[in-house]
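User: Please take a close look at one part of this protein, the packing of a helix pair, and then set that part in its surroundings. Keep the sentences short.

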Amino acid sequence: MRSKSGVSHLNGAVNYFQWVVAQCPVGHPDRGAALTNLACARLHGYSRKDRQDIDSTISLFRDALALRPQGHPDRPLYLLHLVRALSWRYNYQDTTVDICECAQIYHELLPLCLEGTDLWSTVAGEDGVDGVICECIDLPTDASDEGICLKRAVLELCPMGHEHHLIALHELTQAVEARFGQCGSIDDIDEAIQLRREVVSLCPEEHPERHTYLINLASSLSLRFDHQGNSHDLDEAICLYDEAMRQCPIEHESRYALLDNLGGALIDRFNQRSNTNDINKAITLYREALTLRPPGNPDRYTTLNNLATALKSRYDHDKLDAPDDLNEAIDMYRESLQSKQANHAERHVYLINLSSVLCSRFTETQKNEDVEEAILLCQESLAALPPLHPDRCSSYIWLQEAHLSRYRVQHNPTDLSLAMENFRLSSKHPTQGFPRRIQEVIDWARQAEVYQHESALEAYQMCLELFDNHVITRSSIISRRDAATAFRVAQSLPVDAASCAIRRNDLQRAVELEEQGRGQQWSLASRLRTPLDDLKSANLPLAHKLSELNRHLSDAQGSAVITDSVAADIAAREYRTLLTEWEATVAEIRSLQGFSRFLLPPSYDDLQVAAHHGPVIILIASQYSCNALIVPTSGEPHHVPFPSLTLADVEMLKGDFAREIRHASFMGPNESRMNLIVLLRKIWDKVMLPIAKALYQDLKVKPRSRIWLCPTAAFTSIPLHAAHPSRMKADNSGRELCLEDIYICSYTPTLSALIRARQTMKTHVTPSFAGIGQGQPGAGQGTVLAAVDSELELVCKLVPPQVKFTHLSGEEATQAGALDALRRNTWVHLACHGKQDRVQPYYSHFAMKDKPLMLLDIMENDAPQAEFAFLSACHTAVGDEETPEEAIHLAAGLQFSGFKSVIGTLWAVDDATAKHVVKAFYEEIFKGAEEGNLPDCTKAASALNHATHSVKSKVPLEQRIVLVHIGV
């Protein structure tokens, strides 16, 4: 107890220091010291009952500190005074804001204290910074920006080696991940994973808490999988859970939580891959976890909820084999929901889950009370969530499902409208990850088609946009395709969207949608090679900035697959940082006059430029209709319906052609190809004859004009250019003309690809020709091709003498040598084995002496001066089964790298007969060279047309029609 004389002396000191302050007005050099002396005296007499006194005391310390700016020699001491006062108030009033400010002050103060000095001894230690660190670590997780800023400051107070470094790192991770849960920012979950990897790296095998940190890292990876859909994250999470399981035997205190988390990851993998072993194992794990959480255990309800989720997943997958799962799931969801009070932070999750199973039961039993309760539960969950919470998306999804289920039974138009509106809300929800939104918008489009709802076209448009935004976030070419193929029904979306627009008589929109959805991989890659001449004229600094960003992004998105998880995460973050800057720069460019649509999906007017030299015919094979759209040189698109043709018919024709081509490869050259002739007649009668009539009669396209075919879906595997009636005219005056008698046919993967090829055409380029041949490829790349050398010698003789010719074969025809020749020459003839990889088309390749020349290598090769390539190799112009709309093949890769005109092959080439076509082709295209005319790559299509006609007596049918022209 303080003596009365002591209090009197303290009061006297306070009064005296107040008088001193009064003698030192603002601007006086001693005012800071006077304020500090007064504040110290008042702090010395601070009573916890006199809050006003401590508040005013701290204000005095703040005023004094303001007079000691950074760099002032007394600033460290003044910081110490303020932090002491704040610590006093925190100790007695438990004001969180004070301990947070203490941490921020120590963050500035510690670097100003020389180790070994009195100030260092005062600041460091349990009563100084260490005490503040411990208090901050014990604070509840705060996901606000301020809370995370505090955790970062605390971590910096605990450098590597500090006793609290590991727990400070963990606490920062928890806060960042919590913010991801609230806001859905991919940057937050990426940082959380990076920090969790660091935590695990600091825990050796024998660390007692290593299993906890493994579980935490696996949980974060599962969260990122839910948001981004990258299966590598899910596989790694399951591996980490398995590792943690080995460290947690049956009696371990963390085993029940581990069982729950591993079960959740297995459900995710089951939903992605439909392996029933995963879902059955998940249910077994949850039932084991329940035994470790008997009634009365507060965590039991979490396991009940998770087990119910697993049962519902199994029921949805196979209702017949698991009929009891649904009712058991409902009972468990109800029990777990009852444990969550109205203000519980996760109550909305339990509401959504119960709603989902009630919807499922209503579908089976049609009991109205189930669907009405499901709707009320979703509405309650929405009422509990802020507008941008990621989980609102789930509420919209199940509210949509409830209204649509009720519409199917009761046929109330209001339910259909509400279902479509909730489809729209879930698809647009900005804080939910792209994969879930894409899956939802696909379902929206499908259901709108089923019920002929007017929103179908909107759904297709949104789906294509979301796909684009999702795929571009992937940092490598391979991962982009993986992202695109993760959605099982997505490959038909472009043609279905175009079909929808056609059925609504919006033909321009049909062309735009088909183009936007088709060749997406090439479109994304080509953005980084967009010519910037116009932009340079309008704003040179912006053009230079974008050019640099294009170069950096191109380097960052490399073709190599990164197998190390840490390195892959770092690469992904660096890529996304660059992408964010690139997108901001593009947005700035769009604000310039005349650039409002810069790098946006092209409009019909933009796309019609592709038809400048002849019409482009888009062939659409959709489950809803089969059609052709002719884009003429000017005017509206022309619609050619195929009323007697269905998608199943086109798929059957595709299979029939594949079978007959294989059969023909075993036939002698003089054997009849009657089955193949019949198939070509079908294509003529059902597809190309209606198109030819429209071209000639309706659009007045003159005979022998050039036309471009742009096939989609199953049409991509059918030799449309070879369509032939193979019969006499009705009046017996001669044979009916075939397509290539009437028009000169070329192909183009997309309209944009044709436009880009023309935009990069150079005039007066000095021609150079490379003949690349490899008849004896390296081990494992194919058999010996005996005719390759003679084919190259033939080409060399036919090339005009004024054209520089480079011969590359044998030991010189290596992967690097071929790539260099492609880069340096304007014309190339390539004779070797070609292989289209049907599983991963980017691994398609040409066989060279040392190692394959892959499509990925070709794509990275930038050859803007290149003009023409003849690919005398197998399977160079046919895509893969999973992504036929993408046209990912070797010929398209050559075109992307810079070659404007390419001849490729649809199937295997017989090198013994190929030389006849090669000879006829080059003789035709080099006509006029003796007069000094330069070779013209735009004549390649007509030269090929001439060549295939001229060798009819020498080359079997399937080897004449195997070659196709792509490009200008």
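Analyst: A residue counts as buried under 20% relative accessible area, as exposed over 50%, and as partly exposed in between. His411 has a relative accessible area of 53%, so His411 is exposed. Keep that cut-off in mind for what follows. The model is predicted.

Start with the helix pair. Helix α9 covers residues 165-183, and helix α10 covers residues 186-201. Their axes come within 8 Å. They cross at roughly 160 degrees. Angles over 145 degrees count as roughly antiparallel. The two helices, α9 and α10, are therefore roughly antiparallel to each other. The crossing in which α9 passes α10 is left-handed.

Which residues make the contact? On the α9 side they are His165, Leu166, Leu169, His170, Leu172, Thr173, Gln174, Val176, Glu177, Arg179 and Phe180. On the α10 side they are Asp188, Ile189, Glu191, Ala192, Leu195, Arg196, Glu198 and Val199. Sorted by class, the contact of α9 with α10 holds nine nonpolar residues, four polar ones and six charged ones. Among the nonpolar residues, Leu166 and Phe180 come from α9, while Ile189 and Val199 come from α10. Charged residues enter from each helix: Glu177 and Arg179 are in α9, and Asp188 and Arg196 are in α10.

A second pair can be set beside this one. Helix α22 (residues 456-472) packs against helix α23 (residues 477-485) at an angle of about 145 degrees. The axes of α22 and α23 are 9 Å apart. The crossing of α22 and α23 is right-handed. From α22 come Phe467, His470 and Val471. From α23 come Arg480, Ala483 and Ala484. By class, the contact of α22 with α23 has four nonpolar residues, one polar and one charged.

Now burial. Helix α34 spans residues 751-759 and is mostly covered, with seven of its nine residues buried. The buried residues in α34 are Leu751, Ser752, Ala753, Leu754, Ile755, Ala757 and Arg758. Gly893 sits in helix α38 (residues 890-897). The relative accessible area of Gly893 is 0%, so Gly893 is buried. Leaving aside neighbours within four places in sequence, Gly893 touches Trp522, Leu855 and Ile858. How far is Gly893 from Ser201? Their C-alpha atoms are separated by 42 Å, with their positions 692 residues apart along the chain.

Two loop residues have an unusual backbone entry to check. His411 has phi near 60 degrees, a positive value in a residue other than glycine. His411 lies in the loop between α19 (392-410) and α20 (413-428). Asn732 also has phi near 60 degrees, and Asn732 is likewise not a glycine. The loop that holds Asn732 runs between β4 (706-711) and α33 (739-742). Asn732 has a relative accessible area of 60%, so Asn732 is exposed.

Last, the whole chain. The secondary structure comes to 41 helices and 14 strands. The C-alpha atoms fill a box of roughly 130 × 70 × 55 Å along the principal axes. Of the 968 residues, 55% count as buried. The chain exposes about 42300 Å², and carbon and sulfur atoms supply 52% of that area. Among contacts between residues at least 6 apart in sequence, 71% join residues at least 24 apart.

Key:
Residues numbered from 1 in each chain as written. Predicted model: local features only at pLDDT ≥ 70, side-chain atom pairs only at ≥ 80, totals over all residues. Heavy atoms only, no water. Axes fitted to C-alpha atoms, helices over the stretch in contact; angles between N-to-C directions. Helix = DSSP H or I, 4+ residues; strand = E, 2+ residues; numbered from the N terminus. Parallel < 35°, antiparallel > 145°, perpendicular 65-115°, else oblique. Left-handed = near helix turned anticlockwise from the far one by under 90°. Contact = heavy atoms within 4.5 Å. Buried < 20%, exposed > 50% of the residue type's maximum accessible area, 1.4 Å probe, protein only. Areas by Shrake-Rupley, 256 points an atom, 1.4 Å probe, with all protein chains shown as cover.
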